[in-house]
Amino acid sequence: MVRWLLLGCGPVGHAMLEMLAERPGRVQVITDDPERVTSLREEGVRAIHSDPTDPERYPAAADLVLVVGEDAERNLAAVESARRRFPNAQVMAYAGVEADLESVERLAAAADRVIDATAVLTGYVVEMVDREPARRLRRLLSVLRELDGPLAVVTHDNPDPDAIASAVALCRLAETVGVEADACYFGEISHQENRALVNLLDLQLRNLESTDELEPYAGIALVDHSRPGVNDGLDPETLVDIVIDHHPPRAPVEARFVDLRSEVGATSTLLADYLERLGCELDRTVATALLYGIRVDTKDFTREVSKTDFEATAYLLERVDVSVLERVETPSMSADVFETIARAIRNREIRGTALASCVGEINDRDALAQAAERLLDMEGVQVSVVYGYRDGTVYVSGRARGADIDLGETLRDALGQIGSAGGHADMAGAQLPLGILEDVGDDAKESLTEVVRGIVSGRFFETLDTAPAPGVADAEGLTLEFPLDERT
């Protein structure tokens, strides 16, 4: 039995045939164009030279009838013939580029669905040129083109996969308009999966040690965070040209171009959207990094995921290197990470369904996030907070699951007055300066740990009783002091 029956076969019909070749089911074409019949037969397509409106030449049965000639009147006659011959089949018709409104309406009354070429083209042009996503992309490209030198794309400190992928993708986008760009970061990439991502994809990132290294750049872009000097090594007064982020900002964001969309799950989603709309060729390296960034920040599409995230994923999927993704997700874990997790388990304090653990001095701040994730798996635990200190700063990482609190608001209420704190309802963190405590000698490290424990755990547990429910902000609606992500 024929699954796809094409009546008439102009350029649109021929384009459909190329797509149908990859689909299951038998295809048959009936057209009165002898040269088209010869060409199709040479391509291995079953084609019959006959009048598309003559039901006597139709096959015994067909599931889907596509009327794709160039003349609207003849297409209407073919639709009516096909409807009588195959009353249970789905019939679709092409109106043709010169079809008037009356012809389109008559086709719509006879067929199950009509493809109006003029309407489709108009809708496509409007979508690509005049809708907000298109206008946003044009503004971004305009800012890039106005730069009179290279662009530095700066991530937040110790970047996670979402920040890394977004920076690399923005560099590629800048290159499409002739602007040289470097992905830059302060701090270090210490998490084993992050290192694997960079190494396996051979991503080129510049590790900055001082702001002096940015002097040769004509422009500054921030990705996955939105304010200079907040969780990055930039001077707070740095003039920023571009900001692209999915975290809600605590304070006004200033830049020549700003794209803040807190409804999406990852900044990588925004960059994938730009690249798809731009229509540029996307290589496997960038696609793989972007997909991994989305997966990490949405916790494999289980956390704060949106329709836009799924659309970006669909665009990226066929372009990624699956083997690299598998290797990134299964790297070896360092002894420091194992030791941090072990200390978090030993030092845990539990009150109800909440857990807090001080691991003391740390070598790898990324280990805190991994420890918080592991402790959240303990029976009866719905909130886990793990913290430690290094280089004069206390780092706090928290996770929540099925809890009746907003963890980001809870940490901000508990620790925001003595440092930077905030995040999402189920994933949050904080950074607190040790101040004069950092001058404590090595022989007093145990007492320093106790002081840190008393401050962080004490404030955290005291705040839990009055913590807001997920999605509830304070009177100012401020929920984030600095960007927090899967590696917080």
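In this predicted model, the axes of helices α8 and α10 come within 10 Å and cross at roughly 165 degrees. That angle makes α8 roughly antiparallel to α10. The crossing of α8 past α10 is right-handed. From α8, the residues Glu193, Leu197 and Leu201 take part, and they meet Thr285, Thr288, Ala289 and Tyr292 in α10. Sorted by class, the residues of this contact comprise four nonpolar, two polar and one charged.

Two packed helices are described by the angle between their axes and the distance between the axes. Helix α8, which spans residues 192-201, also packs against helix α12, residues 322-329, and here the axes come within 8 Å and cross at roughly 150 degrees. With that angle, α8 is roughly antiparallel to α12. The crossing of α8 and α12 is right-handed. On the α8 side the contact is made by Glu193, Ala196, Leu197, Leu200 and Leu201, and on the α12 side by Val324, Arg327, Val328 and Glu329. Six of the residues in the contact of α8 with α12 are nonpolar and three are charged, with no polar residue among them. Glu193, Leu197 and Leu201 of α8 thus appear in the contact with α12 and also in the contact with α10.

Helix α10, residues 284-297, has a further helix partner in α9, residues 267-278. The axes of α9 and α10 come within 8 Å and cross at roughly 140 degrees. In this pair the crossing is left-handed. Ser268, Thr269, Leu271, Ala272 and Leu275 in α9 meet Val286, Leu290, Gly293 and Ile294 in α10. The contact of α9 with α10 contains six nonpolar and three polar residues, and no charged ones.

The protein as a whole holds 16 helices and 18 strands. Of its 488 residues, 52% are buried. Among contacts with a separation of 6 or more, 63% are between residues 24 or more positions apart.

The largest nonpolar core has 54 residues, and those that touch the most other members are Leu144, Val153, Ile242, Leu290 and Leu316. Helix α7, residues 161-175, gives the most to this core, with nine residues. A second core, separate from the largest one, has 26 residues, including Tyr387, Ala428, Val456 and Leu464. Leu290, named above for the largest core, is also one of the α10 residues that meet α9. For Leu144, the contacts beyond four places in sequence are with Leu151, Leu173, Ala174, Val177, Val179 and Ile242. Ile242 is therefore both a contact of Leu144 and, like Leu144, one of the core members that touch the most others.

Arg138 is found in helix α6, residues 132-146. Its relative accessible area is 42%, so Arg138 is partly exposed. The C-alpha atoms of Arg138 and Leu278 are separated by 9.5 Å, although the two residues are 140 apart along the chain.

Several loop residues were also examined. Most residues other than glycine have a negative phi, and most peptide bonds are trans. Glu304 is not a glycine, yet has a positive phi of about 45 degrees. Glu304 lies in the loop between α10 and α11, the latter covering residues 307-317. With a relative accessibility of 38%, Glu304 counts as partly exposed. Asp391, likewise not a glycine, has a positive phi of about 50 degrees. The loop that holds Asp391 runs between β15, residues 383-390, and β16. Asp391 is exposed because its relative accessible area is 67%, where the cut-off for exposed is over 50%.

Gly402 lies in the loop between β16, residues 393-400, and α15, residues 407-415. At a relative accessible area of 62%, Gly402 is exposed. Gly402 and Gln382 are 20 residues apart along the chain, and their C-alpha atoms are separated by 6.4 Å. Strand β16 accordingly borders both the loop with Asp391 and the loop with Gly402.

Key: Residues numbered from 1 in each chain as written. Predicted model: local features only at pLDDT ≥ 70, side-chain atom pairs only at ≥ 80, totals over all residues. Heavy atoms only, no water. Core = buried A, V, L, I, M, F, W, Y, C linked by side-chain atoms within 4.5 Å. Buried < 20%, exposed > 50% of the residue type's maximum accessible area, 1.4 Å probe, protein only. Helix = DSSP H or I, 4+ residues; strand = E, 2+ residues; numbered from the N terminus. Contact = heavy atoms within 4.5 Å. Axes fitted to C-alpha atoms, helices over the stretch in contact; angles between N-to-C directions. Parallel < 35°, antiparallel > 145°, perpendicular 65-115°, else oblique. Left-handed = near helix turned anticlockwise from the far one by under 90°. Nonpolar A, V, L, I, M, F, W, Y, C, P; charged D, E, K, R; others polar.
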